[in-house]
Amino acid sequence: MTAAERALSGKRVLVVEDELLVALMIEDFLTEFGCTTIGPCGTVETALHAVRTHALDLALLDVNLSGERVYPVAEALAERHVPFLFLSGYGEEAIPPGHADWKVCAKPFKGAKLAEMLCAVMGAAVT
């Protein structure tokens with residue numbers, strides 16, 4: 001287990017992803033890291049409900065949910081000071097103007113890269 005994975009152990013992570021196979025892969029990674037998964041949520045509406053009703057440590061957000069942008073969920077998480085990471089095939093272009101501090105993990109990704117980026121948005125020192 002890497003230092004990043006150890007830092008993630010025990011974290012409650014919201015997964016917002018509308019593609020089942022991708023969601024299952026993400027859940028597998030998070031389980032390997034020792035995280036508890038909330039979701040997956042496939043719509044902005046269900047994700048917003050999860051943000052309002054669950055204690056969360058982190059969130060992973062697919063930018064495009066069946067043609068709907070996930071930005072309202074990102075805003076709700078930011079208001080609650082819950083760190084989040086976008087997952088997108090669009091790369092940095094997925095970040096809307098005025099939010100340069102929001103981070104994107106480009107799809108496809110490997111588990112080690114995901115763990116490293118989650119730690120970065122959490123502000124966890126990984127050595």
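**Exercise 1. Decide whether L20, which is found in helix α2, is buried or exposed, and identify the surface patch that L20 helps to form.**

Solution. The structure is a predicted model, and the steps below are worked from its computed values. Begin with the location, since L20 belongs to helix α2. Next compare its relative accessibility with the cut-off: a residue is exposed when over 50% of its area is accessible in relative terms, and L20 reaches 59%, so L20 counts as exposed. Finally, look at the residues that join L20 in the patch, which are L21 and L24; together the three form a nonpolar patch on the surface with about 340 Å² of accessible area.

**Exercise 2. Describe how strand β6 (residues 84-88) is covered, and state which strands pair with β6.**

Solution. First consider burial: 5 of the 5 residues of β6 are buried, and the strand is therefore described as mostly covered, with buried meaning under 20% relative accessible area. Then sort the side chains by direction, which places F84, F86 and S88 on one side of β6 and L85 and L87 on the other, all of them buried. Turning to the partners, strand β3 (residues 58-62) pairs with β6 in the parallel sense over 4 bridges, and in this pairing L60 stands opposite L85. Strand β7 (residues 104-106) also runs parallel to β6 and is joined to it by 3 bridges, with V104 of β7 standing opposite F86.

**Exercise 3. Check whether the span of helix α5 (residues 111-122) agrees or disagrees with the expected span, and find what its buried residues pack against.**

Solution. The helix has 12 residues and, at 1.5 Å a residue, should span 16 Å; because its end C-alpha atoms are 16 Å apart, the two values agree. The expected span uses one less than the number of residues. The next step is to list the buried residues of α5, namely G111, L114, A115, M117, L118 and C119. These buried residues pack against α1 (3-8), α2 (20-32), β3, β6 and β7. After the helix comes G123, whose phi is positive, near 80°.

**Exercise 4. Work out which residues are linked with K107 in a network of salt bridges, and say where each of them lies.**

Solution. Start with E17, which forms a salt bridge with K107 in which the closest N and O atoms are 3.0 Å apart. This pair links distant parts of the chain, since E17 is in the loop between β1 (12-16) and α2, whereas K107 is in the loop between β7 and α5, 90 residues apart. Continue with D62, whose salt bridge with K107 has its closest N and O atoms 3.2 Å apart. Here too distant parts are linked, with D62 in strand β3 and K107 45 residues apart from it. Joining the two steps gives the network of E17, D62 and K107. As for accessibility, E17 counts as buried because its relative accessibility is 3%, D62 is buried at 5%, and K107 is partly exposed at 23%.

**Exercise 5. Explain why E116 and K113 are separated by about one helical turn.**

Solution. Both residues lie in helix α5 and are 3 residues apart, which means a separation of about one helical turn. In general, an α-helix has 3.6 residues a turn, so residues three or four places apart point the same way. The side chains of E116 and K113 meet in a salt bridge, at 3.8 Å from N to O. E116 is partly exposed, with a relative accessible area of 47%, and K113 also counts as partly exposed, at 41%.

Conventions
Residues are numbered from 1 along each chain as its sequence is written. This is a predicted model: local features need pLDDT of at least 70, side-chain atom pairs count only at pLDDT 80 or more; totals for chains, interfaces and linings use all residues. Side-chain values use heavy atoms; hydrogens and water are left out. Buried means under 20% relative accessible area, exposed over 50%, partly exposed in between (1.4 Å probe, protein chains only). Helices (H or I, at least four residues) and strands (E, at least two) are DSSP runs, numbered from the N terminus. Two strands pair if DSSP finds at least two bridges between them. Contact means heavy atoms within 4.5 Å. Patches are made of residues with over 30% relative accessible area and no salt bridge: like charges are joined within 9 Å, nonpolar side chains (Val, Leu, Ile, Met, Phe, Trp, Tyr) within 5 Å. Accessible areas come from the Shrake-Rupley method with a 1.4 Å probe; for residues, only the protein chains shown count as cover. A salt bridge is a side-chain nitrogen of Lys or Arg within 4 Å of a carboxyl oxygen of Asp or Glu.
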